[in-house]
Amino acid sequence: MFELIHGTPRSELYLKVFLRKLDIISKTDELPQGTELMAAVFLGVKVFTSARCREKQKTTQLAKDRFNKLEIIKSLMTLLTPRQFMNIFPITKEYDGDKYQSKDYFFTREMINTLDMDAAIGDKIDDFLWDYRNRDIERFQLEVFRVLSDLARAKGLPTPLEKFSAENGIPLYYEDKKHKEITGPIHIENVGGEYFYNDFEATTVPFKKPSPDYLKLV
């Protein structure tokens, strides 16, 4: 059911314990709650955020399988209360959101204050995760975004980022890691529900990673 493509010793350990928790939960007639639920969510998130499984899914079925696994964890999250969620994944203590026009600790607290701290998050989970500042949750959301992109590409459809680009007129740049090249700007246009890629202005340039600070040319 769950497997890691390129796991680490730590992620394999998380997976083993998570599957044990999931088995216990699946054998009960009542909805999971309390420490068992909290442990299952924590372990499920760690399975993905600690694994080296970043390659694109080559087929629609592989992308679907990965998406379904992520959705299982999200479905468990819906049963958590905001108070429980904060105990599992403490809000990142960054307070300079106003300065950089970004989400910070205060932004997340304001979002949480609109909710009942002791009621299940339920169908608000997508908005909740989007506004929640925590490193593990952000990595988890990135995995969800990646698999949605892989699924779209496998079906020959534009990715969520490409749709956002078309709706907001923001050009994109594509990175070719194999040949160490970047191509862009590419404009994506939505015409009658069909997406078109305009690369008239695009150019391809080589790139290289900067040398670490401790290395100096002599």
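1. Helix H8 contributes most to the lining of the second largest pocket, supplying seven residues. The model is a predicted one, and every value in this note is computed from that model.

2. H8 spans residues 135-154. Two other helices, H7 (125-130) and H9 (160-168), also give at least two residues each to the lining of this pocket. When you look for the pocket in the structure, these three helices are the elements to find.

3. In total, 18 residues line the second largest pocket. Those lying nearest its centre are Leu129, Trp130, Gln141, Leu142 and Phe145. The space in this pocket comes to about 540 Å³. As general background, empty space left among atoms is shown by rolling a probe the size of a water molecule over them.

4. What kinds of residue make up the lining of the second largest pocket? Nonpolar residues number 11, charged residues six, and there is one polar residue.

5. Turning to the whole chain, it holds nine helices and four strands. Along the sequence the order is α-α-α-α-α-α-α-α-α-β-β-β-β, with the helices coming before the strands.

6. The chain has 218 residues, and 36% of them are buried, that is, under 20% relative accessible area. Its exposed surface is about 14400 Å², of which carbon and sulfur atoms provide 55%.

7. Among contacts in the chain with a separation of 6 or more, 59% join residues that are 24 or more positions apart.

How values were computed:
Residues numbered from 1 in each chain as written. Predicted model: local features only at pLDDT ≥ 70, side-chain atom pairs only at ≥ 80, totals over all residues. Heavy atoms only, no water. 1 Å grid on protein atoms, 1.4 Å probe; cavity = no way out; pocket = protein on both sides within 12 Å on 5 of 7 lines; lining within 4 Å. Points joined across faces, edges and corners; volume = space filled by probe spheres on them. Nonpolar A, V, L, I, M, F, W, Y, C, P; charged D, E, K, R; others polar. Buried < 20%, exposed > 50% of the residue type's maximum accessible area, 1.4 Å probe, protein only. Contact = heavy atoms within 4.5 Å. Areas by Shrake-Rupley, 256 points an atom, 1.4 Å probe, with all protein chains shown as cover.
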